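This briefing is intended for a first-year student who has the sequence and the model at hand. Please look through the model once before turning to the points below.

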Amino acid sequence: MNLGIERYETILITGANGLLGHKLVQLLIHREHVLVIATGLGESRLPASYAKYYQWESMDISSEEQVNSVFEKHRPTTVIHAAAITQADVCEENKEKAYIVNVLGTKNLIQAAERFGCYFLYLSTDFVFDGENGPYIEEDQPNPVNYYGRTKWEGEQLLKQSNLSWAIVRTVLVYGVAEGLSRSNIILWVRESLMAGKTIQVVTDQMRTPTLVEDLADACLLMVMKKSVGIFHVSGAEVLTPFQMAEMTADYFGLDKRLLQPVNASTFTQSAKRPPKTGFIIQKVQNELNFEPKSFTSGIGILAKQLKLADS
Ligand SMILES: NC(=O)C1=CN([C@@H]2O[C@H](COP(=O)(O)OP(=O)(O)OC[C@H]3O[C@@H](n4cnc5c(N)ncnc54)[C@H](OP(=O)(O)O)[C@@H]3O)[C@@H](O)[C@H]2O)C=CC1
Ligand SMILES: Cc1cn([C@H]2C[C@H](O)[C@@H](COP(=O)(O)OP(=O)(O)O[C@H]3O[C@@H](C)C(=O)[C@@H](O)[C@H]3O)O2)c(=O)[nH]c1=O
C-alpha cells in the first residue's frame, strides 16, 4: 500500500513491545517513505527478523527527559501512542503508577510532539464509558467506572486541549498473538486453559465488540495516511459476551466446552469494576475509512494460523 505521502515520514510508536505496537511495527516497516522508530520499556521484544527495518529506542514515557531526548534525536512527524498500563486491576491497585504512566506519560509525549508539530494518534478504550447503555457512538458521554478508564479519559482530554493535529482511536477487548507479550487476551486465555483441561469461570453478563489486533492496526494506518482528525470508534462489529467468545473459541479449536463455567460479573471478584455493556457502533469508520472488521470467527482463524506458524 502506498502511504500517499511524498516526503519521508518518521513514525514514532510507543508501546511497541505490546500487542498493538508489535502489529503496527510489522505493518509500517515495509512501507515506502516511512522510517519507524519503535519505542518501549527496556529492550525490544519484537521478532529478530524485523530488526534491520526499524530503529529501537528504550523510552519510558513517564520520563520527560527520556521522551525529550528521543524526540530530539529522531524528530518524528507522526506519533502513534499505544503505550499504557493496560491491566485494569493493576491500575486500580496502584493508582499513582497508573496516573504517572497513563496520564503524565501521555502529557510528556504531547508536549514533545507539540515542539515538532507531529500528527498524534492516541489509543483509548471503551472503558471511558460506564457501560450502562452500550454499544456507544463517538458522541456519547464518557463516565469511567474504574481507574484505568479514568486515566485513559484524562489522556484524551489532554490531547483535545493541545495544539496538535490529533486523532483518538477508542477500541474494545483486543485479541491476537505476538511474541513476548506482557498480557494475555481472551482467545489465548480460553485456548490455553481448555487445552490444559482447566475449568474457567467466564462472564455471561458483559457485552463487548471484540477487536482483532490486525484490524485495529490497519485502521490506525489508514488514519495516519489520511491524517484523520477527531474521535473514532474502531472495533469488531459483533456484540458478544465473554462467555459467547469463549464458546466460539472452544468450538474453533475443538476444545471441551464443559470446562467453561458461566458466572455473573457480580459474583466474579476483580479489583477494578468493569463497565457491563460497552462495545461500539462503528459506522463512522465504516463510512469515512471504508473500515470493515473481520467477524470474530474469522479473527480466531487468523490468530490460529499465526499460532500454527509459530509452532512449525
Ligand atoms: N488490549 C485491549 O483490550 C485494549 C487496549 N486499548 C489500548 O490500546 C493500547 C495498546 O494496547 P495493547 O497493545 O493491547 O496493550 P499491551 O499491554 O500489550 O501494550 C502496552 C505496552 O505499553 C508498555 N508500557 C507500559 N508502561 C510503559 C511506560 N512507562 N513507558 C513505555 N511503555 C510502557 C508495555 O510495556 P511492557 O510490555 O514492557 O510491560 C506494553 O508493551 C493501549 O493504550 C490500551 O490502553 C484499548 C482498549 C482495549
Ligand atoms: C480473567 C477473566 C476475564 N473474563 C472476561 C471478562 C472480560 O470481559 C474479558 C477480558 O478480561 P481482562 O481482565 O483480560 O480484560 P478487561 O480489563 O476486562 O478488558 C479490557 O482491557 C482493557 C485494556 C481495555 O481497554 C478494555 O477494552 C477491555 O477489553 O474476559 C472472564 O470472564 N473470566 C476471567 O477469569
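Three elements each supply at least two residues of the shell around ligand 1: helix 1 (19–28), helix 4 (95–116) and strand 5 (119–125). Helix 1 makes the greatest contribution to this shell, with three residues. The model discussed here is a predicted one.

**Surroundings of ligand 1**
- Around ligand 1 there are 29 residues, and Gly15, Gly18, Leu20, Ala83 and Ser182 come nearest to the ligand.
- By residue class, the shell around ligand 1 consists of 14 nonpolar, twelve polar and three charged residues.

**Overall fold of the chain**
- The chain contains ten helices and eleven strands.
- Its radius of gyration is 19 Å, while the globule rule gives 20 Å for 312 residues; the two values are close, so the chain is as compact as a globular protein of that length.
- Along the principal axes, the C-alpha atoms of the chain occupy a box of roughly 55 × 45 × 40 Å.

**Packing and contacts**
- Buried residues make up 47% of the 312 residues of the chain.
- When contacts between residues at least 6 apart in sequence are considered, 80% of them join residues at least 24 apart.

**Annotated region**
- An unreviewed UniProt entry lists residues 10–306 as "domain: RmlD-like substrate binding".
- Within residues 10–306, helix accounts for 39% of the chain and strand for 17%.
- The C-alpha atoms at the two ends of residues 10–306 lie 29 Å apart.

Methods
Residues are numbered from 1 along each chain as its sequence is written. Chains are lettered from A and ligands numbered from 1 in the order in which they are written. This is a predicted model: local features need pLDDT of at least 70, side-chain atom pairs count only at pLDDT 80 or more; totals for chains, interfaces and linings use all residues. Helices (H or I, at least four residues) and strands (E, at least two) are DSSP runs, numbered from the N terminus. The radius of gyration is taken over C-alpha atoms; the globule rule is 2.2 Å times the number of residues to the power 0.38. A residue is buried if 20 or more other C-beta atoms lie within 10 Å of its own, exposed if 12 or fewer, and partly exposed in between; C-beta atoms are placed from the backbone. Two residues are in contact if their C-beta atoms, placed from the backbone, lie within 7 Å. A residue is near a molecule or strand if its C-beta atom, placed from the backbone, lies within 6 Å of it. Ala, Val, Leu, Ile, Met, Phe, Trp, Tyr, Cys and Pro count as nonpolar, Asp, Glu, Lys and Arg as charged, and the others, Gly among them, as polar. UniProt positions are given in the numbering used here, feature names are shortened, and annotations may be inferred rather than shown by experiment.
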